[in-house]
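Student: Could we go through this model together? I would like to see how each term is earned.
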Amino acid sequence: MILILKTTASQPEVDAIMARIEEAGCQVHPIVGQDRTVIGVIGDGTSIDRFQIGRMPGVEKVVPITKPYKSASREFKPEDTQFDVGGVMIGGKDLVVMAGPCSVEGRSHMVEIAHACKEAGATILRGGAFKPRTSPYAFQGLGEEGLRYLAEAREATGMPIVTEVMEPDLVPLVADYADILQIGARNMQNYPLLNAAGKSMKPVLLKRGMTATMNEWLLAAEYILQHKNHQVMMCERGIRTFVTETRNTFDINAIPILKQLCHLPVIADPSHGTGKSEYVAAVSKASVAAGADGLILEVHQEPDQAWSDGRQSLKPEAFGKLVSEMRAIAQAVGRDIPEPERQAEIRDIVMSGS
Ligand code: PEP
Ligand code: MN
């Protein structure tokens, strides 16, 4: 439930309300607004009498949350969640563009592609060091060595990095290097992993499971949020359907649905969503028009030589052209993808906290 407090509620009244909730074994999630405070009650609230708490001094209204995903719901938090990752604002007016290879393949390869992505307009660098591969005989990623190359590429370009973590025990290691932890489609319902990522307090990019409903996906996000880690992004990456022309079917509907149901930033992954580079630009532009807060795209110097997902990877030139086209669409829908020079200025402003 949510308690909407009176504009006149005093601090001792607020403290008494919070103590009452905690005594009942629930967590208190206060959202302090300009005029009034709203308190989210998380947990099994059955021992709290709605009418009794509604009569406490300072409480204006008690609103039950009807959705099973309490913290993620718009009922709980009507305004969009925004956060800063290494100077890049996510969930605000500007869209975030994450780009890089599917897998980290080596030091010079990683640094080179990082520079190319940045010049083309990316602000966050992607690259997998621990790879979830369908076949155990396929390249499994460079592991910690790959994380080191990612960190070097961040050093060289200033771009924060997003990389996948597949095991709860590896969360501390990956969190040591990464700015954003990616939880892959295959692990969307790996609850120990979700809990570990939640406890790390690192921003999380939560990919949609291949057959996940909105409810299942939002409840997976809830596992992270319950640890008071509110920096969660929902990433649509395509689902399994009967269509065989593409690797997955990118669910464009998911974007407006999520924007309606939850307050978390929504990121589109048209690379995995289509699996074919020739469809990536169209679906990326559609995602911007549909209201996505950002994109994650696979970019490789020589897609034919890529160690994984070359078929869906864009060359840096094609990626650069796509970013310009997406910028025009973003502006048409009241958003923006700032030019690379402007990105640097924004970063300085965000980092200086002004
Ligand atoms: C990836 O980002 O390279 C990846 C493996 O993604 P997904 O979990 O969406 O398949
Ligand atoms: Mn990939």
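Student: What makes strand S8 and strand S9 a pair?

Tutor: DSSP must find at least two bridges between two strands for them to pair. Here 2 bridges join S8 (residues 124-126) to S9 (residues 161-164), so the two count as paired, and they run parallel. Leu125 stands opposite Ile161 in S9. Keep in mind that this is a predicted model, where local features need pLDDT of at least 70 and side-chain atom pairs count only at pLDDT 80 or more, while totals for chains, interfaces and linings use all residues. Residues are numbered from 1 along each chain as its sequence is written, chains are lettered from A and ligands numbered from 1 in the order written, and side-chain values use heavy atoms, without hydrogens and water.

Student: Which strands close into the barrel, and in what order?

Tutor: The order is S7-S8-S9-S10-S11-S12-S13-S14, 8 strands with parallel pairing. From one strand to the next, the twist averages 25 degrees.

Student: Why are Cys102, His272, Glu298 and Asp309 called donors of the manganese ion (ligand 2)?

Tutor: Donors are N, O and S atoms within 2.8 Å of the metal (3.2 Å for Na, K and Ca); water is not among the atoms, so sites may look incomplete. Cys102 (SG), His272 (NE2), Glu298 (OE) and Asp309 (OD) lie 2.0 to 2.4 Å from the manganese ion, so they qualify.

Student: Are Glu298 and Asp309 buried or exposed?

Tutor: Both are buried, that is, under 20% relative accessible area (exposed is over 50%, partly exposed in between; 1.4 Å probe, protein chains only).

Definitions and conventions:
Helix = DSSP H or I, 4+ residues; strand = E, 2+ residues; numbered from the N terminus. Axes fitted to C-alpha atoms, helices over the stretch in contact; angles between N-to-C directions.
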